[in-house]
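User: I would like to learn how to read several features of a protein model. Please give the general idea each time, and then the case at hand.

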Amino acid sequence: MNIRPANPDDVAFLKKMLYEAARWNPDWPREPIEEVLADPILVRYHQGWGREGDGGVVAEVDGRPVGAAWYRLFTAEAPGYGFVDEKVPEVSIAVAPLHRRKGIGEAVLRSCMVQAREEGFQALSLSVAVHNRSRMMYQRAGFEKVAEEGESWTMVANL
């Protein structure tokens, strides 16, 4: 596995990963990707990706992307699900279904955290469903619950 910085050429793959993150529960219906990513809040996570404050990493196996963790700054007027404030980027993360449970998610998350720290960010946030087992991975990586709304936690890791 190779982990490299994400760049604007990765937008199509990041959108696929955003779809996987949004439809993480295998029991949920798999609506068309275009329909899911057209959700007004999810559009905020990918539209114009590569702007100031965007960053992340992509994991590749045999030269093909299989997972990613990326972050972006949001505003109070147009927040993401895990919004904390305008100086803390929110992380999105996903691994292609055939490559899950192999340590790729934790590897890209930790690499993404290092990159964000190197870019001068002091913390990262994310949103996770309480019943999503990935929550334990986030906790191992240093994320702590700072808010709970319905079935979701907002978590923050100081870098």
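**Reading the model**

Analyst: Arginine 135 lies in helix α5 (residues 134-140), a helix being a DSSP run of H or I with at least four residues, and a strand a run of E with at least two, numbered from the N terminus. The model is predicted, so local features need pLDDT of at least 70 and side-chain atom pairs pLDDT 80 or more, while totals for chains, interfaces and linings use all residues. Residues are numbered from 1 along each chain as its sequence is written, and side-chain values use heavy atoms, without hydrogens and water.

User: Which side chain of opposite charge is nearest to arginine 135?

Analyst: Glutamate 148, 8.9 Å away. Arginine 135 is buried (under 20% relative accessible area, 1.4 Å probe, protein chains only) yet has no salt bridge, which would need a side-chain nitrogen of Lys or Arg within 4 Å of a carboxyl oxygen of Asp or Glu. Arginine 135 touches (heavy atoms within 4.5 Å) Val128, Val130, Trp153 and Met155, not counting residues up to four places away in sequence.

User: How should one read a helix, and which residues of α1 are buried?

Analyst: An α-helix has 3.6 residues a turn, so residues three or four places apart point the same way. In α1 (residues 11-22), the buried residues are Phe13, Leu14, Met17, Leu18, Tyr19, Glu20 and Ala22. These buried residues pack against α2 (33-37), α3 (40-46), β2 (55-61), β3 (64-72) and β4 (90-95).

How values were computed: Buried < 20%, exposed > 50% of the residue type's maximum accessible area, 1.4 Å probe, protein only. Lys, Arg positive; Asp, Glu negative; His and termini not counted.
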